[in-house]
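Welcome! Let us go through some questions about how the labels used for a structure are earned, setting each value against its cut-off.

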Amino acid sequence: MGKLTTHVLDTASGEPAANVRVRLFRAGALLHETRTNPDGRCDSPLLVDPAPGEYEIIFSIGDYFRARGTASPFLNEIPVRFLIEEGRNYHVPLACSPYAYSTYRGS
């Protein structure tokens with residue numbers, strides 16, 4: 001049985017990004033919505049035993065940076081689309097600043 005997890009790192013400050021809104025979608029339907037904790041992680045997996053297919057996580061990073069004092073961040077919402085295969089674990093971290101981001105399949 002696999003699971004899907006994520007975390008968010010603020011590369012501008014070098015700290016975990018707390019209180020970032022995270023939404024998980026499949027075929028346009030909202031499956032899960034949460035916020036990151038003080039460690040930049042979600043308190044539980046976004047999905048347990050996910051069905052194979054295409055998913056999308058949307059990170060509302062603009063709100064996070066505005067709350068930290070960035071008046072006009074370049075990035076507002078970051079969509080990450082990816083494929084899940086049966087029975088595997090997927091970790092989708094996001095490293096970001098107000099102006100750039102990077103993601104990858106973590107472990």
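Q: Why is the contact between the side chains of Arg66 and Asp63 called a salt bridge?
A: In this predicted model, the N to O distance between the side chains of Arg66 and Asp63 is 3.0 Å. A salt bridge needs a side-chain nitrogen of Lys or Arg within 4 Å of a carboxyl oxygen of Asp or Glu, so the pair Arg66 and Asp63 qualifies at 3.0 Å.

Q: What separates Arg66 and Asp63 in helix 1?
A: About one helical turn lies between them, because Arg66 and Asp63 are 3 residues apart in helix 1.

Q: Why are Arg66 and Asp63 called partly exposed?
A: Arg66 has a relative accessible area of 37%, and Asp63 has one of 44%. Buried means under 20% and exposed means over 50%, with partly exposed in between, so 37% puts Arg66 in the middle class and 44% puts Asp63 there too.

Q: Which residues do salt bridges with shared partners join into one network?
A: That network is made of Asp10, Glu15 and Arg68.

Q: How do you know that Glu15 and Arg68 form a salt bridge?
A: Their side chains come to 3.7 Å, N to O. The limit is 4 Å, so Glu15 and Arg68 meet it.

Q: What parts of the chain does the pair of Glu15 and Arg68 link?
A: The pair links distant parts, with the two residues 53 residues apart. Glu15 sits in strand 2 (residues 15-16), while Arg68 belongs to the loop between helix 1 (61-67) and strand 7 (78-84). Glu15 is partly exposed at 38% relative accessible area, and Arg68 is partly exposed at 45%.

Q: What makes Arg41 and Asp39 a salt bridge?
A: The side chains of Arg41 and Asp39 are 3.4 Å apart, N to O, and the cut-off is 4 Å, so the name fits. Arg41 is partly exposed, with 36% relative accessible area, and Asp39 is partly exposed at 43%.

Q: How many salt bridges does the structure hold?
A: There are 8 salt bridges in the structure.

Q: How do you know that Asn37 is buried?
A: Asn37 has a relative accessible area of 18%. Buried means under 20%, so Asn37 counts as buried. Asn37 is found in the loop between strand 4 and strand 5 (47-48).

Q: What makes the approach of the Asn37 side chain to the backbone nitrogen of Asp39 a polar contact?
A: A polar atom of the Asn37 side chain lies 2.8 Å from the backbone nitrogen of Asp39. A polar contact needs N or O atoms within 3.5 Å, so the distance of 2.8 Å is inside that limit.

Q: Which residues is Asn37 in contact with, leaving aside its neighbours within four places in sequence?
A: Asn37 is in contact with Ala17, Ala18, Asn19, Cys42 and Asp43.

Q: Why is there no disulfide between Cys42 and Cys96?
A: The closest cysteine sulfur to that of Cys42 is in Cys96, 13 Å away, too far for a bond. A disulfide needs the two sulfur atoms within 2.5 Å, so this pair fails. A search of the whole structure finds 0 disulfides.

Q: What makes Cys42 and Cys96 count as buried?
A: Cys42 has 13% relative accessibility, and Cys96 has 0%. The label needs a value under 20%, so Cys42 earns it, and so does Cys96.

Q: Why is strand 6 described as largely enclosed by the rest of the structure?
A: Strand 6 (residues 53-60) has 8 residues and 7 of them are buried, so the description follows.

Q: How do you know that strand 6 pairs with strand 3 and with strand 7?
A: Pairing needs at least two bridges. Strand 3 (residues 21-26) is joined to strand 6 by 5 bridges, and strand 6 has 7 bridges with strand 7; both pairings are antiparallel. Val22 stands opposite Phe59, Leu24 opposite Ile57, and Glu56 opposite Arg81.

Q: Why are strand 4 and strand 7 said to stand at the edges of the sheet?
A: The open sheet has 4 strands in the order 4-3-6-7, with antiparallel pairing. Strand 4 (29-35) and strand 7 each have a single partner strand, so one side of each is left without a neighbour in the sheet. From one strand to the next, the twist averages 20°.

How values were computed. Residues are numbered from 1 along each chain as its sequence is written. This is a predicted model: local features need pLDDT of at least 70, side-chain atom pairs count only at pLDDT 80 or more; totals for chains, interfaces and linings use all residues. Side-chain values use heavy atoms; hydrogens and water are left out. Buried means under 20% relative accessible area, exposed over 50%, partly exposed in between (1.4 Å probe, protein chains only). Axes are lines fitted to C-alpha atoms, for helices over the stretch in contact, and angles run from 0 to 180 degrees between N-to-C directions. A polar contact is a pair of N or O atoms within 3.5 Å; within protein, one must be able to donate a hydrogen and the other to accept it, and residues adjacent in sequence count only if both atoms are side-chain atoms. Contact means heavy atoms within 4.5 Å.
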